[in-house]
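Welcome! Take a moment to look over the sequence and the model before reading on.

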Amino acid sequence: MKTATPAMARAINDRLALDLLLERGPLTAPQLRELTGLSRPTVSDLIERLTQGGLIEITGESGETRRGPNARVYGLVAGRAHVAGVDLRRETISVAIADITGRVVARTSRAVTGDLVDLVAGTLAEAAGDRVIDNVVVGAPGLVAPRDGELVTANDVPGWRAGLVTAWRERLGLPLVLENEVNLAAIAELRTGAAQGAEDFVLMWVGDGVGAAVVLGGRLRRGASGGAGEVGFLQVDGTAFCNLVTESVARGLDRARFADRIAQGVFAFVTLLDPGLVVLGGEAGQAGGDELAAEVAARLHELSPAPTEVRASTVEGNAVLQGAVLTALDLARDHVFG
């Protein structure tokens with residue numbers, strides 16, 4: 001068994017303290033000692049090291065009457081790094097900029113027109129201002145190949161072409177990751193929405209587009225070609241599932257009939273994966289709320305013996321954009337915090 005070197009031990013302790021400050025907010029040295037179980041000298045060295053490294057700073061003093069190092073409250077230096085999340089759809093591009101704590105500090109949106117390299121670079125520059133960006137995560141429709149991070153086939157975003165990810169990286173001079181938009185929405189659902197605390201679930205996205213994302217063991221599953229969850233291709237009575245449950249179709253159906261159609265697609269995941277939880281997202285899925293979720297659950301109960309809970313999405317705002325920011329923050333924290 002390999003013994004940790006002093007440098008490795010310091011790195012582990014530093015990351016533990018930084019993660020606690022992310023989770024709980026500013027803390028005093030005694031609080032850090034209590035939460036980490038580290039000794040007083042170790043925490044003192046850790047605080048000095050992180051302060052000198054520009055990662056934490058004194059944000060105030062505790063309510064204790066005794067003054068000194070133990071009364072100081074330490075917090076993360078929020079501006080130490082910034083990230084960008086991008087939601088690129090058929091008609092609109094939306095960008096959010098967040099600091100290392102996850103606080104969104106800027107947003108902007110534009111219509112999708114012209115060259116996509118220029119569009120992404122220009123929209124990012126407008127949102128970022130003079131902030132230095134650590135990395136960018138872009139969410140877009142389509143299958144993203146795990147091998148090279150490019151789309152397997154073109155999507156319906158005007159101007160999409162092969163090699164865009166490489167072109168974006170070269171133009172921006174930044175690390176950039178492309179991810180399927182529903183996969184990013186599932187990450188937001190897992191971290192902040194209806195799937196919090198769930199190890200396994202499927203997000204069924206029903207709206208302007210139709211798709212799904214699979215999370216097993218707390219991890220997003222993309223498949224060998226990035227096609228995991230592409231339920232829109234499923235044939236139901238000779239018709240592609242994506243044509244049965246679009247937002248426009250939903251407006252012409254009563255809730256029971258719409259729920260029955262959604263259940264046909266969800267049934268495929270329940271039969272193969274038995275996730276135990278299905279979250280209904282997208283414009284139509286979220287708008288249906290608890291009533292639509294209950295109808296889908298009842299229909300699933302008729303189709304499958306596997307107990308499956310169905311919930312409406314509870315992510316507020318743009319779930320794809322939130323998932324992109326959360327993914328970018330994970331990458332930035334690993335880069336900056338070590």
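What follows is a short tour of two helices and a strand with its partners. Please keep in mind that this is a predicted model.

**Two helices side by side**

Let us begin with the helices α1 and α8, whose basic values are set out here.

| Helix | Residues | Number of residues | Span between end C-alpha atoms | Expected span |
|---|---|---|---|---|
| α1 | 6-24 | 19 residues | 27 Å | 27 Å |
| α8 | 255-273 | 19 residues | 26 Å | 27 Å |

For α1, the two spans agree, because 19 residues at 1.5 Å a residue should cover 27 Å and the end C-alpha atoms are 27 Å apart. For α8, the 26 Å from the first C-alpha to the last is close to the expected 27 Å. Even so, α8 has a bend of about 30° at Gly265.

**Helix α1**

Which residues of α1 are buried? They are Asn13, Asp14, Arg15, Ala17, Leu18, Leu20 and Leu21. These residues pack against three helices and three strands by name: α2 (29-36), α3 (40-52) and α10 (319-337), along with β1 (27-28), β2 (56-61) and β3 (72-76). Just past the end of α1 comes Gly25, with a positive phi of about 90°.

**Helix α8**

At the start of α8, Asp254 places a side-chain oxygen within 3.2 Å of the backbone nitrogen of Ala256. Further along, the buried residues of α8 are Phe258, Ala259, Ile262, Ala263, Gly265, Val266, Phe269 and Val270. Gly265, where the helix bends, is thus also among the buried residues. A general point helps in reading such a list: an α-helix has 3.6 residues a turn, so residues three or four places apart point the same way.

What covers the buried residues of α8? The cover includes the strands β9 (201-206), β10 (210-216) and β14 (277-281), and the helices α7 (247-250) and α9 (282-303). After α8 comes Asp274, which has a positive phi near 50°.

**Strand β9 and its partners**

β9, part of the cover over α8, is itself mostly covered, with six of its six residues buried. On one side lie Phe201, Leu203 and Trp205, and on the other Val202, Met204 and Val206; both faces are covered.

β9 pairs with two strands that also help to cover α8. With β10 the pairing is antiparallel, over six bridges, and Met204 sits opposite Ala212. A hairpin of three residues links β9 to β10. With β14 the pairing is parallel, through four bridges, and Trp205 has Gly281 as its bridge partner there.

Notes. Residues numbered from 1 in each chain as written. Predicted model: local features only at pLDDT ≥ 70, side-chain atom pairs only at ≥ 80, totals over all residues. Heavy atoms only, no water. Expected span 1.5 Å × (residues − 1). Bend = angle between axes of the 7 residues up to and from the residue. Buried < 20%, exposed > 50% of the residue type's maximum accessible area, 1.4 Å probe, protein only. Contact = heavy atoms within 4.5 Å. Polar contact = N/O pair within 3.5 Å; in protein donor to acceptor, adjacent residues only side chain to side chain. Pairing = 2+ DSSP bridges.
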